[in-house]
Amino acid sequence: KAIFLAQVCLYAAVLIPFFSDEILGLSGMSIGGHGWAGALLGPIACLVLCEVVKPITGYQMRQYQKRLATATDLTHEAGENDSKVG
């Protein structure tokens with residue numbers, strides 16, 4: 001949804017007469033094929049890279065949760081030992 005909305009806003013900013021040329025100072029119709037290819041491929045590349053990185057982020061989150069659980073267990077064990085001594 002976000003990428004689609006960003007694309008719509010991009011095209012609106014580049015193609016709406018007066019708004020694009022007078023206010024934003026853009027000339028969308030003269031960017032040529034390379035410009036349009038970049039405008040189309042950029043969001044697609046962003047989507048692909050985000051999907052590629054998801055497993056890495058998932059692994060990092062699982063490792064953090066394991067470390068957090070271990071630290072919590074150690075804290076609870078230390079608290080139980082302190083209460084048994086006193």
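1. Ser20 has a relative accessibility of 5% in this predicted model. Because the cut-off for buried is under 20%, Ser20 counts as buried. Ser20 belongs to helix α2, which spans residues 19–23.

2. What does Ser20 touch, beyond residues up to four places away in sequence? The contacts of Ser20 are Ala13, Val14, Leu15, Gly25 and Leu26. Of the residues on that list, Leu26 also helps to make a nonpolar surface patch, taken up in point 4.

3. Phe18 sits in the loop between α1 and α2. Is Phe18 buried or exposed? With a relative accessible area of 54%, Phe18 is exposed, because the exposed class begins over 50%. The backbone of Phe18 deserves a check: its phi is positive, about 70 degrees, although Phe18 is not a glycine.

4. Phe18 also contributes to a nonpolar surface patch of about 550 Å². Its other members are Ile16, Phe19, Ile23, Leu24 and Leu26. The patch therefore includes a residue of the loop between α1 and α2, namely Phe18, which is exposed at 54%.

5. On confidence, the chain has an average pLDDT of 86, and 93% of the residues score at least 70. Which element has the lowest mean pLDDT, and which the highest? Helix α1, residues 2–15, has the lowest, at 84; helix α2, the helix that holds Ser20, has the highest, at 88.

6. A general caution applies to reading any such model. Where pLDDT is low, predicted coordinates should not be interpreted in detail.

Terms used: Residues numbered from 1 in each chain as written. Predicted model: local features only at pLDDT ≥ 70, side-chain atom pairs only at ≥ 80, totals over all residues. Heavy atoms only, no water. pLDDT = per-residue confidence, 0-100. Helix = DSSP H or I, 4+ residues; strand = E, 2+ residues; numbered from the N terminus. Buried < 20%, exposed > 50% of the residue type's maximum accessible area, 1.4 Å probe, protein only. Contact = heavy atoms within 4.5 Å. Patch = residues over 30% accessible without salt bridge, like charges linked within 9 Å, V, L, I, M, F, W, Y side chains within 5 Å. Areas by Shrake-Rupley, 256 points an atom, 1.4 Å probe, with all protein chains shown as cover. Salt bridge = Lys/Arg side-chain N within 4 Å of Asp/Glu carboxyl O.
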